[in-house]
Amino acid sequence: MAVVIHEDTAASEATVHAKKQQPVLAVLTTEDELQLFRGNRDNFADLIAAGKENGFLVYVVTVKQLKLSQKTLDGYTYDENSDTWLLQKFPFPHLVYNRIPLREDELQPEARRKIAACIKHPNVQIFNPKFFNKWSLFKWLRQSQTTKPYIPATSRMLTISGLGKMMLRHKFLYLKPVSGKAGKGIMTIQLQPEKALPYRLKIQGNKGSTTYNCGSIGKLWARIKKESSGERYIAQQGIHLAAYNDRSFDLRALIQKNNRGQWDISGIGARLAGSMSITTHVPRGGSIEDPEKLLVGVFGQDEANKLLTKARTTALTLARQIERGSGRRLAEMSMDLGIDQSGQVWFFEANAKPMKFDEPDIRKRSLERIFQYSSYLLKLKDK
């Protein structure tokens, strides 16, 4: 895979597409010295195929290739027969779908300049302008009385005294890196005053977790600072999640704009924590499950139906407030929601660049929605 053939005749293909006035969507990513470009290639190939089914020309373009003053651009398309990515000329896009995979790449000056230029450009519209920052998300959601009740108590983890005050109010805390992804770097603290070593710190590893018991908050703080390696963290009230067969679970919602430009639920899945894991993330040992099965197993059928409906309406309410708070027009996000043992819904996290959902029905709908919303934007522009 990733063998590249330069098509000398591609310029004429670009001209043909331009004449047909076919809508064009470019998937934006960054260059890679070894693999030409970064990002989830399976996802990019799926987008190209789904684009064909929906009447769109889709190609992958890197930050360097995206030259906003040109009529044609270099970019990549996927040839399924040869399992090869081909470099070709493509028409200038109507839409740019930002799938730069890493925050550090998106923060590079050239990427930031290019995204800012896309936002101002009169002839192009950009999806997903940037990654969310965890602290900003909680700030936006606390600004609304409607969304505030879904937010666990959260504060920046800046000082030992701040952490101590938080532990006086909540004996169970999650510590999360502000720019974390897929559960990496997450820790929990449990205060157990009756024990000789009352501070119990759990650190999430690749598949399991490591536990340290500390006798003082000073020793706890020293261990946390060592493990956090200078990264910025938030401290968050721990929620005792509902558990199925003694394993906690949460819900993963995919929320996207539909063909009317409105937020809609593309699907809700569930992730069951691994037996040795403090998170439900699949790369950390979690597993994919049917949310109805888990909720029925804990709450019974009637209550499970009510909770699923509540989770859907809550996710939509939260998405609208996140968009308002961000000050940008957003197209999609995934969201982690928890349901505690009393049936209350909690917001944990939102991701501006959703990963591929493994549930086939959600995956299919997620690809369709990209082009439904693209069509809506193009019609809106033509009015």
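The following paragraphs describe one helix and one pair of strands in a predicted model. Residues are numbered from 1 along each chain as its sequence is written, and side-chain values use heavy atoms, with hydrogens and water left out. Because the model is predicted, local features need pLDDT of at least 70 and side-chain atom pairs count only at pLDDT 80 or more, whereas totals for chains, interfaces and linings use all residues.

Helices (H or I, at least four residues) and strands (E, at least two) are DSSP runs, numbered from the N terminus. Helix 7 comprises the 12 residues 217-228; at 1.5 Å a residue these should span 16 Å (1.5 Å times one less than the number of residues), and the end C-alpha atoms are indeed 16 Å apart. Its buried residues (under 20% relative accessible area with a 1.4 Å probe, protein chains only; exposed means over 50%, partly exposed in between) are Leu-220, Trp-221, Ile-224 and Ser-228. Seen down the helix axis, they fall within an arc of 95°, taken from the directions from the axis to the C-beta atoms, so they line one face. An α-helix has 3.6 residues a turn, so residues three or four places apart point the same way. The buried residues of helix 7 pack against several elements (contact: heavy atoms within 4.5 Å), including helix 6 (160-169) and strand 14 (233-237). The face turned away from the buried side carries the exposed residues Lys-219 and Lys-226. Ser-229, which follows helix 7, has a positive phi near 50°.

Strand 19 (residues 332-339) runs antiparallel to strand 20, and 6 bridges join them; two strands pair if DSSP finds at least two bridges between them. Met-335 stands opposite Ala-350 in strand 20. The two strands form a hairpin with 5 residues between them, and Gly-343 in the turn has a positive phi of about 90°. Strand 20 (residues 345-351) is largely enclosed by the rest of the structure, because 7 of its 7 residues are buried.
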